[in-house]
Amino acid sequence: MNMNVNISSKEFALMQRYIEEECGISIGNDKAYLIESRLSSMLGEFNCSSYEELYHLIYTKKDRRVSERVIDAITTNETLWFRDKTPWIILEKVLLPQYIKDLESGKRDRIRIWSAGCSTGQEPYSTAMVIHNFLDIRGLKEKFLPKFEIVATDISSTVLEVAKKGRYDSISIMRGMPASYRDKYFKREGRVWILDDEIRNMVDFRQFNLQNSFVLLGKFHIIFCRYVMIYFSSDLKDELVSKFSMALKDSGILFIGSSEMLSVYREYFDMEQYEGGVYYRKKGEVL
Ligand SMILES: C[S@@+](CC[C@H](N)C(=O)[O-])C[C@H]1O[C@@H](n2cnc3c(N)ncnc32)[C@H](O)[C@@H]1O
């Protein structure tokens, strides 16, 4: 089948609306080429002679196999270990010392962390390694490791499957990973680097669309939502900031990407800085 099918403006509008409704990603009116470049191979794969037929499969026939492939093709899953570095410095130097004090005094009984839009696992596993290492070198691991819960979610089941395996090739392992963490927490089998089970078991991966209600996820002390909202409309971004604040405990922390900006946050968060990194602390009782 000829894959050089052009997308008509009607088909583009249908796809654009579907993608925004389904995953919140807002595609500008001048980006028809983006849909063509990312979805054209699917026309052949699913025997469609036009984008309208593809749309019909996902929208009218509700074929999950096709819609998952569309979501995978449209979402950007780019990620790396310890991306931007500062969130993990803040975790290690500011947040963990306080949480351990609170766990010791009984002020808190566990610490819950959410990596929202976790892609192939680098973000939640970086978090898990920092927590594990922090406790390990202080002889606190046995006592406090079980008190930490990391939930990691993504809309794409494909990236979650990769994440759950905890196996990375030599190229992805190099991206951002300090040698000390790599040597402590991975073993190498040929070209594959296998993450230690103790770290893998610290993270609970779940499929979750950020457009859904957060209520069933419970409350968190820290939320990472980094390089996810950049693809969303400003209305959805604003709505998410309010939903994140509701999903955080008082004085809970929100991390976003270092090149991202939040337009409305002052109602819910105070912006704080540490060693060049920015984070948002939910208004409320200060620890
Ligand atoms: C660019 S990656 C960022 C990964 C990681 N947070 C980081 O900073 O390295 C964005 C991730 O957000 C996910 N995503 C996009 N829209 C989503 C939605 N509506 N709900 C949940 N996850 C979504 C994508 O599947 C992708 O894995």
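What percentage of the 287 residues in the protein chain is buried? Buried residues make up 37% of them, and the legends below walk through this predicted model view by view.

**Figure 1. The whole protein chain, with its 12 helices and 10 strands.** The chain has a radius of gyration of 21 Å, close to the 19 Å that the globule rule gives for 287 residues, so it is as compact as a globular protein of that length. Taken along the principal axes, the C-alpha atoms fill a box of roughly 65 × 50 × 35 Å. Of the contacts between residues at least 6 apart in sequence, 76% join residues at least 24 apart.

**Figure 2. Where domain 1 meets domain 2.** The domain assignment places domain 1 at residues 9-74 and domain 2 at residues 86-282. Their C-alpha centres lie 31 Å apart. Seven residues from domain 1 and 11 residues from domain 2 take part in the contact. On the domain 1 side, look for helix α4 (residues 64-74), which gives the most, with three residues. By class, this side of domain 1 has three nonpolar, two polar and two charged residues.

**Figure 3. An open sheet of three strands, in the order β3-β5-β4.** The pairing here is antiparallel. Strands β3 (167-169) and β4 (186-189) are the edges, each pairing on one side only. On average, neighbouring strands of this sheet are turned by 30° against each other, direction ignored.

**Figure 4. A closer look at β4 and β5.** Strand β5 spans residues 192-195 and pairs with β4 in the antiparallel sense over four bridges. To find your way along the pair, start from K187, whose bridge partner in β5 is I194.

**Figure 5. N47, in the loop between α2 (32-45) and α3 (51-60).** Most residues other than glycine have a negative phi. N47 is not a glycine, yet has a positive phi of about 60°. Is N47 buried or exposed? N47 counts as exposed, because it has 10 C-beta neighbours inside 10 Å, and the cut-off for exposed is 12 or fewer.

**Figure 6. D84, in the loop between α4 and α5 (86-105).** Here too a residue that is not a glycine has a positive phi: for D84 the value is about 75°. How many other C-beta atoms lie within 10 Å of D84? There are 19, so D84 is partly exposed; a buried residue would need 20 or more.

Conventions. Residues numbered from 1 in each chain as written. Predicted model: local features only at pLDDT ≥ 70, side-chain atom pairs only at ≥ 80, totals over all residues. Helix = DSSP H or I, 4+ residues; strand = E, 2+ residues; numbered from the N terminus. Rg over C-alpha atoms; globule rule 2.2 N^0.38 Å. Contact = placed C-beta atoms within 7 Å. Domains from an automatic or database assignment. Nonpolar A, V, L, I, M, F, W, Y, C, P; charged D, E, K, R; others polar. Pairing = 2+ DSSP bridges. Axes fitted to C-alpha atoms, helices over the stretch in contact; angles between N-to-C directions.
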